[in-house]
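The following note is offered to a colleague who wishes to read this structure alongside its sequence. The points are numbered for ease of reference.

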Amino acid sequence: MIEWVFLSAGARPVPRPVATPLVWAAAFGGALLLVATLNTLVGPDRPALALTALSLLAALLGGRSRFTAAPGTAALCWLFLNAFAIPPLGTLSWAGHRDTFWLSCLLAAALIGTAVARLVHASAAYRRIAAGAGPAAWEPGERPEDA
């Protein structure tokens, strides 16, 4: 016998994070596209704007990824920031405090994006489960202690 049920019935699980290689591929492509767009529109001599845009990209990517993807996401964004957002274009360099600060900002953005997404998903799952177990869902004469 076939029993028809609504798909929205029951508690839905927390969404699974996207696989880390896919997040890194999105970071690679997104950072490349973002830096190229910024270089075309405002020029390559605006690293603060590029850092802000890449931090937002890292936070957005962190929203659908695991915590273990954050360091790779930050490193890929930093590579494009360092190589193509500051003159001379196409040259990687390490400038001590500046690059440490940039890497820290990008890593913090990715971790914050992941943490916020996890908290939002967990809160939504808790509300869905709590709403299904509330007094409105009990049958007359049935209480949780009776079960």
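Leaving aside its neighbours within four places in sequence, with which residues is Leu106 in contact? The answer is given in point 3, after the overall fold and the core have been described.

1. Overall fold. The model is a predicted one. The protein chain contains four helices and zero strands, and its pattern along the sequence reads α-α-α-α. Of its 147 residues, 29% are buried. Among contacts with a separation of 6 or more, 75% join residues that are 24 or more positions apart. The accessible surface amounts to about 9600 Å², and carbon and sulfur atoms account for 72% of that area.

2. The nonpolar core. The largest nonpolar core comprises 26 residues, and the members that touch the most others are Ala31, Leu54, Leu57, Cys77, Leu81, Trp102 and Leu106. Two or more residues of this core come from each of helix H1 (20–41), helix H2 (47–62), helix H3 (70–84) and helix H4 (96–132). As a general matter, nonpolar side chains in soluble globular proteins tend to be buried together.

3. Leu106. With neighbours within four places in sequence set aside, Leu106 is in contact with Leu51, Leu54, Ser55, Ala58, Ala74, Cys77 and Trp78. Two of these partners, Leu54 and Cys77, are listed with Leu106 among the core members that touch the most others.

4. Leu81. This residue lies in helix H3. Leu81 has a relative accessible area of 0% and is therefore buried, the cut-off being under 20%. Outside its neighbours within four places in sequence, Leu81 contacts Pro47, Ala50, Leu51, Leu54, Ile86 and Trp102. For one of these partners, Ala50, the C-alpha to C-alpha distance from Leu81 is 6.7 Å, although the two residues are 31 residues apart in sequence.

5. Gly72. Helix H3 also holds Gly72, which counts as buried at 16% relative accessibility. Gly72 and Leu107 are 35 residues apart in sequence, and their C-alpha atoms are 8.8 Å apart in space.

6. Aromatic pairs. The structure holds three aromatic pairs. In one of them, Phe28 and Phe80 meet edge-to-face, with 5.1 Å between centres and 75° between the planes. Because Phe28 belongs to helix H1 and Phe80 to helix H3, this pair ties together parts that are 52 residues apart in sequence. The two rings are placed differently with respect to solvent access: Phe28 is partly exposed, with a relative accessible area of 46%, whereas Phe80 is buried, at 7%. Phe28 and Phe80 form one aromatic cluster together with Phe84.

7. Salt bridge. How many salt bridges are counted, and which side chains take part? The count is one salt bridge, formed by the side chains of Arg98 and Asp99 at 3.4 Å, N to O. Arg98 is partly exposed at 31% relative accessibility, while Asp99 is buried, with a relative accessible area of 0%.

8. Nonpolar surface. Leu41, Val42 and Leu49 make a nonpolar surface patch of about 260 Å². Leu41 is found in helix H1. Since the cut-off for exposed is over 50%, Leu41 counts as exposed at 66% relative accessibility.

How values were computed. Residues numbered from 1 in each chain as written. Predicted model: local features only at pLDDT ≥ 70, side-chain atom pairs only at ≥ 80, totals over all residues. Heavy atoms only, no water. Core = buried A, V, L, I, M, F, W, Y, C linked by side-chain atoms within 4.5 Å. Buried < 20%, exposed > 50% of the residue type's maximum accessible area, 1.4 Å probe, protein only. Contact = heavy atoms within 4.5 Å. Phe/Tyr/Trp six-rings, centres within 6.5 Å; stacked < 30°, edge-to-face > 60°. Patch = residues over 30% accessible without salt bridge, like charges linked within 9 Å, V, L, I, M, F, W, Y side chains within 5 Å. Areas by Shrake-Rupley, 256 points an atom, 1.4 Å probe, with all protein chains shown as cover. Salt bridge = Lys/Arg side-chain N within 4 Å of Asp/Glu carboxyl O.
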